[in-house]
Amino acid sequence: MTSAPPDLPRDRPAASSSSSGQPSSLRGSGRLGDRVFRFLSTGSGVLLLVIMAAIAGFLLYRSGIALSKDKSNFLTTFEWDPDNILKPSFGIAVLAFGTIVSAAIAMLIAVPVAIGIALFISHYAPRRIAQPFAYLVDLLAAVPSIIYGLWGALFLVPHMAGLNAWLNQYLGWTYIFKVSQAGAPARNLFTVGILLAIMVLPIITAVSREVFRQVPRMHEEAALALGATRWEMIRTAVLPFGRPGIISASMLGLGRALGETIAVATVLSASDKLSLHLLDAGGGTFAQNIALKFGEAGKLGTDALMASGLVLFVITLLVNGAARLIIARRKEYSGANA
């Protein structure tokens, strides 16, 4: 025989009556606040699109003026001489090659190291060591670019001579690491790539560390309970969960590597020479070329620099769009179903 359920407390008002008993001013202000917040959020998103469209339109307009007066092929020409009165010619072949190669070197070096540091801080280091280490990483992200550039020019370039000689001796057969200018200073794309890797390392590490800290504790404990080692737990639970965050962090770092100006201009010897020997001095990037030649450029030269900026703008959009596609195809790793 079952007992009857106890009576509900009579002094507790129902939820509906409680909500209906609120003053109309409070209900109205809540709805008004929601409307204001929604308007501000939507307006911010629309404003961002407008700004992006305005930038793209400005670059397209100035680029059209420059390309209509270019006497050479903009995509394949090596030289940069837009202010030549008789035959203005300029191209982005050297700039595109230098920008993509230096950024690729930076990402190949920085991403694995950044992930390792982030895992060390979040899953291996004791708290008394992890907190100062994390603070140091965040502090490195705040160092200005000019400081990195001066350090690269005064310290990194002179100390790269030994590494360049070693690469030429043992990996010169690859053609990429062959030195064709013996004794030349290490003001090359390889040195720039290493400097950019050091610059983007704190950004990728900081974002990846925060992503790894968001992994559900139950996932990690379940893997360990099944007999997994710490590395197996990280490989099966932490890295799959944090994969979209790692991709996003890498894209942030790549964005800085593609657009870095002062540090690259301080280290790299600008030239119109395109060489597949990464250890040879010379080369250039979009941002470096704009920074060095904007002050002395004429009317057509300024428009030509805008055209090169448009190419960099398109490259950045394509890289970020590719990252979004990768993340969208990997939703099973986003942790949304955790």
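This dialogue goes through the fold, the annotated spans and the nonpolar cores of a predicted model.

Visitor: How many helices and strands does the chain have, and in which pattern along the sequence?

Guide: Start with the order of elements. The chain has eleven helices and two strands, and along the sequence they run α-α-β-β-α-α-α-α-α-α-α-α-α.

Visitor: Which residues does the UniProt annotation "transmembrane region" cover?

Guide: An annotation is best set beside the computed geometry. The unreviewed UniProt entry gives that label to residues 36–61, 90–121, 133–151, 189–208 and 304–327. Residues 304–327 are 100% helix and 0% strand, with end C-alpha atoms 35 Å apart. For residues 90–121 the figures are 91% helix and 3% strand, and the end C-alpha atoms are 48 Å apart.

Visitor: What does the largest nonpolar core contain?

Guide: Look at its size, then at the elements that feed it. This core has 63 residues, and F190 and I204 have the most contacts inside it. At least two residues each come from α3, α5, α6, α8, α9 and α11. The largest share, 13 residues, is from α3. Apart from this core lies another one of six residues, including I121, A125, A130 and V137.

Visitor: Which residues does F190 touch?

Guide: Leaving out residues up to four places away in sequence, F190 touches I105, M160, L163, N164, L167, F177, L278 and L279.

Visitor: What share of the chain is buried, and how far apart in sequence are its contacts?

Guide: Of the 338 residues, 38% are buried. Among contacts between residues at least 6 apart in sequence, 75% join residues at least 24 apart. The chain exposes about 19,700 Å², with 66% of it supplied by carbon and sulfur atoms.

Key. Residues are numbered from 1 along each chain as its sequence is written. This is a predicted model: local features need pLDDT of at least 70, side-chain atom pairs count only at pLDDT 80 or more; totals for chains, interfaces and linings use all residues. Side-chain values use heavy atoms; hydrogens and water are left out. UniProt positions are given in the numbering used here, feature names are shortened, and annotations may be inferred rather than shown by experiment. Helices (H or I, at least four residues) and strands (E, at least two) are DSSP runs, numbered from the N terminus. A nonpolar core is a set of buried Ala, Val, Leu, Ile, Met, Phe, Trp, Tyr and Cys residues joined through side-chain atoms within 4.5 Å. Buried means under 20% relative accessible area, exposed over 50%, partly exposed in between (1.4 Å probe, protein chains only). Contact means heavy atoms within 4.5 Å. Accessible areas come from the Shrake-Rupley method with a 1.4 Å probe; for residues, only the protein chains shown count as cover.
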